[in-house]
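Welcome to this guided tour. Open the model in your viewer, keep the selection tool at hand, and follow the stops below.

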Amino acid sequence: MYKTWLAGRSTRRGRRRTNAGNDHQFLKGNGFVLVSAEPCLTLQERTKILFSDSLLLLDYKSFTYSYILGDPVTKEAIIIDPVIEMVERDARIIKDLGLELKYAVNTHVHADHVTGSGELKKKLPKCESMISNVSNAKADVKLSDGDKIDFGSFNLEVRSTPGHTNGCLTFVWHDKGMAFTGDAILVRGCGRTDFQEGNSETLYESVHKKIFSLPSNFRLFPAHDYTGQTVTTVAEEKTLNPRLTKSKTEFKNIMENLNLPYPKQIDKALPANMVCGLQDLQS
């Protein structure tokens, strides 16, 4: 069992606590760091953490997690689910660590924030954007189930996991025993299915066939969390997820009766994310 530091408090997994008022603290565990808007680790510390697994970054507005993964030898890196308001931070970290950003990858067309892919491409011209071909969104590279995303000597396997949206993808890093699940599965939850092509039965099948089929010890890293949790495992979610441990019929009934509010940023985020976050949002 590994220790976790959240907002300056040492806790053990299963008893995580949060302190949203402490804006410059870090969550460390198993090689991960949760960074708020301003970095305060040394360059050497951050480089060591990044190359042991990856670097996890938080956008407090939408509670979106972005992930930087890199190869310590070639310095090639990718970022998963960047947020437009955090582009300056992300570009600075990438440059400070001496990385070359190869891809800005989106797990799906998000409804709660605008992607930072397009703005990162402006700042880091060698970077290309990636998204599912099923999403019909603009990007330099369109991804399909079974594709590989290469960076240095590493690669991620692309798994199609629709249900929250038609174009949802999960990225599996087999070498590290990790999967980046977007909104398909969250810590003790899952993405909503009541808008934007959502289908609860499809999501149920996606999770059980494409994520729960991974080894039980694989760590799962979602695109969001609203309670201060950053990581779970296949074993945990197969036994403890209050929605996805049910039958498909029960799951469908749960999802149809969540009565969630209309996403605050959806009217701005969806059209922008269809064009890599580069449309004039004021028009």
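A residue is called buried when its relative accessible area is under 20%, exposed when that value is over 50%, and partly exposed in between, using a 1.4 Å probe and protein chains only. Before you start, note that this is a predicted model, in which local features need pLDDT of at least 70, side-chain atom pairs count only at pLDDT 80 or more, and totals for chains, interfaces and linings use all residues. Residues are numbered from 1 along each chain as its sequence is written, and side-chain values use heavy atoms, with hydrogens and water left out.

**The whole protein**

Begin with a cartoon view. The protein has seven helices and 16 strands; helices (H or I, at least four residues) and strands (E, at least two) are DSSP runs, numbered from the N terminus. Of its 283 residues, 53% count as buried. Contact here means heavy atoms within 4.5 Å. Among the contacts with a separation of 6 or more, 59% are between residues 24 or more positions apart.

**Stop 1: G116 and S117**

Select G116, in the loop between β8 (100-105) and α3. Is G116 buried or exposed? It counts as buried, because its relative accessibility is 0%. Show its surroundings, leaving aside neighbours within four places in sequence, and you will find G116 in contact with P82, V83, I84 and V87. Now add C276: the two residues are 160 residues apart in sequence, and their C-alpha atoms are 7.7 Å apart in space.

Move on to S117, which belongs to helix α3 (residues 117-123). S117 has a relative accessible area of 0%, so it is buried. Which residue does the side chain of S117 meet in a polar contact? Select N106: the side chains of S117 and N106 make that contact at 2.8 Å. A polar contact is a pair of N or O atoms within 3.5 Å; within protein, one must be able to donate a hydrogen and the other to accept it, and residues adjacent in sequence count only if both atoms are side-chain atoms. Apart from neighbours within four places in sequence, S117 is in contact with P82, A104, N106, S129 and C276.

**Stop 2: M130**

Next, select M130 in strand β9. With a relative accessible area of 3%, M130 is buried. Add V105 and draw a distance line: the C-alpha atoms of M130 and V105 are separated by 4.7 Å, although the residues are 25 residues apart along the chain. Not counting residues up to four places away in sequence, M130 touches eight partners you can select by name: Y103, A104, V105, N106, A139, V141, L143 and I149.

**Stop 3: N273**

Jump to helix α7 and pick N273. N273 counts as buried, because its relative accessibility is 4%. Setting aside residues up to four places away in sequence, N273 touches V109, H110, H113, V114, T115 and A137.

**Stop 4: two helices that pack**

Two packed helices are described by the angle between their axes and the distance between the axes. Colour α4 (residues 200-211) and α6 (residues 248-256): they pack at an angle of about 130°, with their axes 9 Å apart. This makes α4 oblique to α6. To find the contact, show S200, E201, L203, Y204 and E205 in α4, together with K248, F251, K252 and M255 in α6.

While you are here, select G191, in the loop between β14 (178-182) and α4. G191 is buried, with a relative accessible area of 5%. Leaving aside neighbours within four places in sequence, its contacts include L203 and M255.

**Stop 5: two asparagines with positive phi**

Most residues other than glycine have a negative phi, and most peptide bonds are trans. Select N136, in the loop between β9 (128-132) and β10 (141-143). The phi of N136 is positive, near 65°. N136 is exposed, with a relative accessible area of 62%.

Finish at N259, in the loop between α6 and α7 (266-273). Is N259 buried or exposed? It counts as exposed, because its relative accessibility is 71%. The phi of N259 is also a positive value, near 55°.

Technical notes. Axes fitted to C-alpha atoms, helices over the stretch in contact; angles between N-to-C directions. Parallel < 35°, antiparallel > 145°, perpendicular 65-115°, else oblique.
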